[in-house]
Amino acid sequence: MKPTTRRTLAAVVTGVAAAVGAAVTPAAAIPVPVPLDGAETALGMELPEVAGELPVPTAGAPEGPRYVEGRLLPERTLPQLPVHGGLPGVDLRQPVPHVLGDEFDHAGVDAPAAEVRTLAPGLSLDAPLTAPNPEALGLPSPKLPEAGVLAPVVQTVPVADLGLGPGL
């Protein structure tokens, strides 16, 4: 294969990899409309308007193991896996009879998709032996085994707006 052909092939593969990487965006939300126009026409009345957003979760890369002096196993034996996604969003407009007077005839709730960051549970273990001890001819000393569970983490900030008004 000629060097120019190899370079061209490498450039094409790099371009495709970059395009695929750019197409996957974290915390993307897919809009989901709920069509009620036909029912509105058939019933001859105003129905609620509903639309939603479904988030697409994406997995991240876990942190690598941390080696600590004096331990045989790394600090995080089973690392925590980060997952980024979102809470589903909703946009709802509901007609309301004139209960609160003539000024308010619609109620609306707008709760956009909120980003959620999570870390799956992890595990940290240590062997029942110490590191090789030069004072004991390079033999490890026995010790109690250690085990720990890394707690899962969930972070989000949901937001919602509630409104009353004429013809929201």
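## A strand and a surface patch

Ile-30 lies in strand β1. The model described here is predicted. How exposed is Ile-30? Its relative accessibility is 48%. Residues over 50% count as exposed and those under 20% as buried, so Ile-30 at 48% counts as partly exposed.

Ile-30 belongs to a nonpolar patch on the surface, together with Val-32, Leu-54 and Val-56. The four residues have about 300 Å² of accessible area together. Two elements each give two or more residues to this patch: β1 (28-34) and β2 (49-56).

## The chain as a whole

Now step back to the full chain. The protein chain has 2 helices and 11 strands. Read from the N terminus, the order of elements is α-β-α-β-β-β-β-β-β-β-β-β-β. The chain starts with a helix, then, and strand β1 comes between the two helices.

The protein chain holds 168 residues, and 12% of them count as buried. Its accessible surface comes to about 11900 Å². Carbon and sulfur atoms account for 67% of that surface.

How do contacts span the sequence? Take the contacts between residues at least 6 apart in sequence. Of these, 65% join residues at least 24 apart.

## A sheet of four strands

Which strands form the open sheet? There are 4 of them, in the order β3-β4-β7-β10. The pairing is antiparallel. Strands β3 and β10 (153-156) stand at the edges. Each has a single partner strand, so one side of each is left without a neighbour in the sheet.

Inside this order, β4 sits next to β7. Strand β7 covers residues 114-119, and 6 bridges join it to β4. These two strands run antiparallel. One bridge can be followed by residue: Gly-85 has Val-116 in β7 as its bridge partner.

## Salt bridges around Lys-143

How many salt bridges does a search of the whole structure find? The count is 7.

Lys-143 takes part in a salt bridge with Asp-126, at 2.5 Å from N to O. Asp-126 is in strand β8, while Lys-143 is in the loop between β8 (122-126) and β9 (146-150), so the pair ties together parts that are 17 residues apart in sequence. Is Asp-126 buried or exposed? Asp-126 counts as buried because its relative accessibility is 4%. Lys-143 has 25%, so it counts as partly exposed.

Lys-143 also forms a salt bridge with Glu-146. Here the closest N and O atoms are 3.8 Å apart. Glu-146 has a relative accessible area of 42%, which means it is partly exposed.

## A network in a loop

Glu-63, Arg-66, Glu-75 and Arg-76 are joined into one network by salt bridges that share partners. One of the pairs is Glu-63 with Arg-76, whose closest N and O atoms are 2.8 Å apart. Where do these two residues lie? Both Glu-63 and Arg-76 are in the loop between β3 (58-59) and β4 (82-87). They are 13 residues apart, and the pair links distant parts of the chain.

Glu-63 is partly exposed, because its relative accessible area is 47%. The loop that holds Glu-63 and Arg-76 runs between β3 and β4, and those two strands are neighbours in the order of the open sheet.

How values were computed: Residues are numbered from 1 along each chain as its sequence is written. This is a predicted model: local features need pLDDT of at least 70, side-chain atom pairs count only at pLDDT 80 or more; totals for chains, interfaces and linings use all residues. Side-chain values use heavy atoms; hydrogens and water are left out. Buried means under 20% relative accessible area, exposed over 50%, partly exposed in between (1.4 Å probe, protein chains only). Contact means heavy atoms within 4.5 Å. Accessible areas come from the Shrake-Rupley method with a 1.4 Å probe; for residues, only the protein chains shown count as cover. Patches are made of residues with over 30% relative accessible area and no salt bridge: like charges are joined within 9 Å, nonpolar side chains (Val, Leu, Ile, Met, Phe, Trp, Tyr) within 5 Å. A salt bridge is a side-chain nitrogen of Lys or Arg within 4 Å of a carboxyl oxygen of Asp or Glu. Two strands pair if DSSP finds at least two bridges between them.
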